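Biologist: Could you take me on a close look at the active site listed for this protein, and at what surrounds it? I would also like to hear how far I can trust the model.

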Amino acid sequence: MLKKKLLGALIVLGSSASVNAFATDEVWLLVDTEKQNMEIRKGEKTVAVLENIAIGRNGAGEKSHRGDDVTPLGNYRIGWINQKSAFRKFFGLTYPNVEHADHALKQGKIDLDTYEAIARAHSSGQVPPQNTDLGGQIGIHGLGSGSLSIHRSMNWTHGCIALTNDQIDQLSQWVEKGTLVTVK
């Protein structure tokens, strides 16, 4: 019972930490999967909008499993940055978050050990396990040597958020590890 209460507290703390970024002048990202754009925001002010982003081949929503090609909705942080990615640059998100893990545990998609590993990572500001049944390696990236015409014509990722190479270069001037990313 104590374990459940502690894990519940982690969920509440994790959720409120994300909301606090909106009340400051901290830079954060708002990804609108319906409008297919990304706003770079400073507090409540939009400082730039990146249009015509691409998302997962199967749209955005609740990821059901690794490989479902769905871009997950929710609040994340940039957990790691790969400046030498095959996609030019890669900003890895702290997916899965505690809310996803809680839902998956209740549905029997993950076990308690996996849930606890995800919750511990978030409570300590670390990247959660990336090899769970919920998937991982979700992030924001450029095209690298990929096709700009395909990018402009369809959603093509396996769940990531894709920008053009020029857009990812522009974004890299604003973000760092720990930047809040809200995907709606």
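Modeller: Happy to! One cut-off first, as the walk leans on it: a residue is called buried when its relative accessible area is under 20%. Please also keep in mind that this is a predicted model.

Let's start with the record. UniProt, in an unreviewed entry, lists His-141 and Cys-160 under "active site". These positions span 20 residues in sequence, yet their C-alpha atoms are no more than 7.4 Å apart, so they gather at one spot.

Take His-141 to begin with. His-141 sits in strand S8, and because its relative accessible area is 2%, it is buried. Setting aside neighbours within four places in sequence, His-141 is in contact with a list of residues including Phe-87, Lys-89, Phe-90, Trp-156 and Thr-157. Cys-160 is also among the contacts of His-141, along with Ile-161, Ala-162, Leu-163 and Ile-168.

Now for Cys-160. You will find Cys-160 in the loop between helix H4 (148-153) and strand S9 (161-162). Cys-160 has a relative accessibility of 9%, so it counts as buried. Not counting residues up to four places away in sequence, Cys-160 touches Ala-54, Ile-55, Gly-56, Thr-71, Phe-90, Gln-137, Ile-138, Gly-139 and His-141. Phe-90 thus appears in the contacts of His-141 and in those of Cys-160.

Ile-168, which touches His-141, leads us on to helix H5. In H5 (residues 165-172), the buried residues are Asn-165, Gln-167, Ile-168, Asp-169 and Leu-171. These buried residues pack against strands S1 (27-32), S2 (37-42), S3 (45-51), S7 and S8 (139-141).

Strand S7 (88-93) brings us to one more residue, Asn-97, in the loop between S7 and helix H2 (98-107). With a relative accessibility of 5%, Asn-97 counts as buried. A polar atom of the Asn-97 side chain lies 3.3 Å from the backbone oxygen of Asn-75. Leaving aside neighbours within four places in sequence, the contacts of Asn-97 are Gly-74, Asn-75, Tyr-76, Ile-118 and His-122.

As for trust, the chain has a mean pLDDT of 91, and 88% of its residues reach 70 or more. Two stretches call for care. Residues 1-7 stay under 50, with six contacts beyond four places in sequence in the model. Over residues 9-18 the pLDDT is below 50 too, and this stretch has 11 contacts beyond near neighbours in sequence.

Methods. Residues are numbered from 1 along each chain as its sequence is written. This is a predicted model: local features need pLDDT of at least 70, side-chain atom pairs count only at pLDDT 80 or more; totals for chains, interfaces and linings use all residues. Side-chain values use heavy atoms; hydrogens and water are left out. Helices (H or I, at least four residues) and strands (E, at least two) are DSSP runs, numbered from the N terminus. Buried means under 20% relative accessible area, exposed over 50%, partly exposed in between (1.4 Å probe, protein chains only). A polar contact is a pair of N or O atoms within 3.5 Å; within protein, one must be able to donate a hydrogen and the other to accept it, and residues adjacent in sequence count only if both atoms are side-chain atoms. Contact means heavy atoms within 4.5 Å. UniProt positions are given in the numbering used here, feature names are shortened, and annotations may be inferred rather than shown by experiment. pLDDT is the predictor's confidence in each residue, from 0 to 100.
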